[in-house]
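This report introduces a single protein chain to a reader who has not met it before. The sequence and the model are shown first, and the description follows.

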Amino acid sequence: MHDADQNGAAGAPDTAVAATDAEVAAIERAMVALRRSAARRTLARRAEREAGAPVPGGAAFDVLDVVEAAEERGEPAGVREVADALRVDQPRASKLVAAAVQAGHLRREADQTDGRRTLLAVTPDGRELLETVHTFRRAMVARVTRDWPAADRAAFARLFTRFMDDFGAASGAPGTD
């Protein structure tokens, strides 16, 4: 391949490609670290310790996140949407939803436009739990970025949000909001 094709300018040094490769590799390593941390539920366990409120682990809390996000978008959420967003089959999503309903975090409601369908809504207890966790997560982000210049924090917020939006669109991952 010609230098102009790779680097955008004829005769541009290969160091630009190497720098881009290094940056992409650094982003990929950060994504892996973030995924591993999420898989270990590091924040959920810490929230439980620091906030003193029990936080459902794993996919149980993810169900609340999915339904809350759908509500914020003004979209209905049922078991099918939970299954799609969590990338699990419908029987697994049904079990997760049932557990959230039994815990009092979600309630089932009849769909007024389709009597065969049941929609999910966050209950006041579920909303309180979500707010506790959101407050904790935001405090952690504030703690981690407290020594950052305001411009860096603003740039990170803009770029990380853009990255996640673009990554979701490229990967076809539902529920990346």
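What share of the contacts in the chain with a separation of 6 or more comes from residues 24 or more positions apart? Such residues account for 47% of those contacts.

## Model and confidence

The structure is a predicted model. The pLDDT of the chain averages 81, and 77% of the residues score at least 70.

Confidence is highest in strand β2 (residues 118-122), with a mean of 94, and lowest in helix α1 (residues 3-7), with a mean of 45. Over residues 1-8 the pLDDT is below 50, and this stretch has 15 contacts in the model beyond near neighbours in sequence.

## Overall architecture

The chain contains eight helices and two strands. Along the sequence these elements follow the pattern α-α-α-α-α-α-β-β-α-α. Of the 177 residues in the chain, 23% are buried.

## The strand pair

Strand β1 (residues 106-110) pairs with β2 in the antiparallel sense, over five bridges. One position in this pairing is arginine 107, whose bridge partner is alanine 121 in β2.

Strand β2 is largely enclosed by the rest of the structure, because four of its five residues are buried. As a general point, the side chains of a regular strand alternate between the two faces of the sheet.

## Helix α6

Helix α6 (residues 90-102) consists of 13 residues. From its first C-alpha to its last it reaches 18 Å, close to the 18 Å expected at 1.5 Å a residue.

Its buried residues are Ala93, Leu96, Val97 and Ala100. Seen down the axis of α6, these buried residues fall within an arc of 100°, and therefore line one face of the helix. Pro91, Lys95 and Gln102 are exposed on the other side of α6.

## Histidine 134 in helix α7

Helix α7 (residues 124-145) includes histidine 134. Is this histidine 134 buried or exposed? Histidine 134 has a relative accessible area of 13%, which means that it counts as buried, the cut-off being under 20%.

When neighbours within four places in sequence are left aside, histidine 134 is in contact with Asp65 and Glu68.

## Aromatic pairs

The structure holds three aromatic pairs. In one of them, tryptophan 148 and phenylalanine 156 meet edge-to-face, with 5.5 Å centre to centre and 80° between the planes. Both rings belong to partly exposed residues: the relative accessibility is 32% for tryptophan 148 and 42% for phenylalanine 156. Ring pairs also link Trp148, Phe156 and Phe160 into a cluster.

Phenylalanine 163 and phenylalanine 167 form a stacked pair, with 5.7 Å centre to centre and 25° between the planes. Which feature of helix α8 (residues 150-171) relates the positions of phenylalanine 163 and phenylalanine 167? The two residues are separated by about one helical turn, because they lie four residues apart in this helix. Phenylalanine 163 is partly exposed at 28% relative accessible area, and phenylalanine 167 is partly exposed at 37%.

Methods
Residues numbered from 1 in each chain as written. Heavy atoms only, no water. pLDDT = per-residue confidence, 0-100. Contact = heavy atoms within 4.5 Å. Phe/Tyr/Trp six-rings, centres within 6.5 Å; stacked < 30°, edge-to-face > 60°. Buried < 20%, exposed > 50% of the residue type's maximum accessible area, 1.4 Å probe, protein only. Pairing = 2+ DSSP bridges. Expected span 1.5 Å × (residues − 1). Arc of directions from axis to C-beta.
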